[in-house]
Amino acid sequence: MKTREDILQMIEEEDVEFIRLQFVDAFGNLKNIAVTPGQLDRAINNEYSVYGSALFDEQYVYEEELYLHPDLDSFVILPWRPQQGKVGKFICDICKEDGILLELSPRTILKKILKKGQELGYTSMVDAECEFFLFHTDENGIPTIVTHERAGYMDVGPVDLGENARRDMVLNLEEMGFEIESSHHEKAPAQHEIDFRQGEGLKTADALTTFKFAVRSIAKRFGLYATFMPKPKTDVAGSGMHLNFSLYKDGKNVFDNRQDAKYFIGGIMKHAGELCAITNPIVNSYKRILSGFEAPGEINWSTKGENALVKLKRTFGETKVELRFPDPSANPYLALAVCLAAGLQGIMEKIDPDAILADGEGAKKLPENLKDAVEILNESTFMREILGDEFVDIYVTVKRKEWKEYMLQVCDWEVDRYLIKM
C-alpha cells in the first residue's frame, strides 16, 4: 500500500507538476480535477469537491456537493506525458461531506458487492480482454471511421498498420504497472485487442478505467483515434469486453470444482437479460449483439466455441468463467458488480444452467435493443437490490431519454430504403 510519504517522494523524484484526481461517472465516462503538488495535502485530506451533476454527465440534476477521496494505492505517473513536468493521477472514491461513501457512485456499488462476496468467504479475481478500433481523424482532428488497413485476425506488420501504436500502448501500460498477457490485431480492419493479467475485482475495474484512458491518449500521439464503441462499422465484427472471473476461497479456486463453476454460470444466465442495460449500455451495443460475428445473442453456455454467452475454460492453469456478452462501452465498476452479484447468487442458490436451457421451448435471447434492456432493468428486483432504487431510477430516466433521442434521428438506411419508394 502506498503512503502519503511514498507519493511525495515519487512526485519529487519524478518532477511531477500536475496531479489528476480522477473518477468515473454513472455511465463510465472518466472525469477529473487537475491540481499541482502544492495542493497535494488538500487532495489527500479530501478537500476537493465536485458538483453532484458531474456524476451523471450533467444529464441529470443532482444538487448535492460531493467530495473526492483519492485512493492512495492508485497513484501512478503517466509515462506518455513530458519527461519534464510529468503528470500523475489518483482514482478517487466519491463521498458525501461527512466522508461516507456515496451509494450512487459506481465504485461504491462495486465495493459493496465485493464485500458481500468476502463475507461469504470469496475473493474475486477478474481479467479483461478489451477490444477497440484505431481510426484516422480528419484535417480538423475530428474522429472518423476511416482506416487504410485491411488486416485481419492476428495479422502482423506491414499489413497491421496499427502495430507500432499497439506496441507503444503495451510498453506504456507495463511502465504503469500493468502485467500484459498478450496483444494482437483482431478480426476487423483497424481492430485490436490487449489482454492484461487478472487482479482483484476493484483493481481490475480501476485498471480498465486507466487502460481506456491510456489507449486513447497514446493513439492520439500516432495521429489516430481509439474508440471503444462496440459496433462502429456495419459489415465487420464489433468490439467486446470479455470478463474472465475466478473465485477463491481459502486460497483455492472454487471453479476447479466444476459444479460450483456451473452454478456461477447459472446465476449469470438467469439474470442475463437484466444485466444487459449495464453490460451493454448504449444504443450501439445491440448492433453488435444482433450482427453475429461471434457476438452472443442467445442465453447459453459452453466449454468450446466462440458464440456462447458464457464459457467455462482453463487458461494458464486457472479455471475461469468467461462472460462474452459485455462490451467496452460499459462502466467497468457497474459491469463487474452486477455480473459478480449474479454469479454469487448462482452459487448460493445452486442455479443449474442446464435447467435454464431445458426450461421452456426455444432459445432464450438477450434484449434486442436498449429500450427493451432498460425496461427489463427497471422491473428487476434483483438489479435494484444491487444498484439501489435511486440509482436505477436515475439511470433509467437518462437511458429512456437516450433511446428517444435515437428514435428521433433519421438515418441513411431509412433514406436509402424509403425515399424513392414512398
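In the next few minutes I will go through the cavities, the nonpolar cores and one exposed lysine of this structure, which is a predicted model.

Let me begin with empty space, where the general idea is that rolling a probe the size of a water molecule over the atoms shows where such space is left. When the whole structure is searched in this way, two cavities of 30 Å³ or more are found.

The largest cavity has a volume of about 50 Å³, and if you want to find it on the screen, look for its lining residues, which are Phe23, Val24, Ile91, Cys92, Ile94, Ser105, Pro106, Arg107 and Tyr333. Strand β1 (16–24), strand β6 (86–95) and helix α3 (106–119) are the elements that each give two or more residues to this lining, and β6 gives the most, with three. As for the character of this lining, seven of its residues are nonpolar, one is polar and one is charged.

The second largest cavity holds about 30 Å³ of space, and around it you will find Leu114, Gln118, Tyr122, Thr123, Ser124 and Glu200. Here the elements that give two or more residues are α3 and β7 (123–136), while by class the lining has two nonpolar, three polar and one charged residues.

From the cavities I turn to the packing of the nonpolar side chains. Which residues touch the most other members of the largest nonpolar core? They are Phe211 and Leu387, in a core that has 123 residues, and the element that gives the most to this core is helix α8 (residues 332–349), with 12 residues. If we take phenylalanine 211 by itself, and leave aside residues up to four places away in sequence, Phe211 touches Cys130, Phe132, Leu173, Phe178, Ile194, Phe196 and Phe228. There is also a second, separate core of five residues, and among its members are Phe133, Phe135, Ala190 and Val236.

Finally, I would like to look at lysine 220, which has its place in helix α5 (residues 201–221). Is lysine 220 buried or exposed? Its relative accessible area is 68%, and because exposed means over 50%, lysine 220 counts as exposed. To give a sense of where it sits relative to another residue, lysine 220 and glutamine 259 are 39 residues apart in sequence, and from C-alpha to C-alpha they are 46 Å apart in space.

Technical notes: Residues are numbered from 1 along each chain as its sequence is written. This is a predicted model: local features need pLDDT of at least 70, side-chain atom pairs count only at pLDDT 80 or more; totals for chains, interfaces and linings use all residues. Side-chain values use heavy atoms; hydrogens and water are left out. On a 1 Å grid over the protein atoms alone, a cavity is a set of points where a 1.4 Å probe fits but cannot get out, and a pocket is an open set with protein on both sides within 12 Å along at least five of seven lines; lining residues have an atom within 4 Å of a point. Grid points are joined across faces, edges and corners, and a volume is the space filled by probe spheres set on the points. Helices (H or I, at least four residues) and strands (E, at least two) are DSSP runs, numbered from the N terminus. Ala, Val, Leu, Ile, Met, Phe, Trp, Tyr, Cys and Pro count as nonpolar, Asp, Glu, Lys and Arg as charged, and the others, Gly among them, as polar. Buried means under 20% relative accessible area, exposed over 50%, partly exposed in between (1.4 Å probe, protein chains only). A nonpolar core is a set of buried Ala, Val, Leu, Ile, Met, Phe, Trp, Tyr and Cys residues joined through side-chain atoms within 4.5 Å. Contact means heavy atoms within 4.5 Å.
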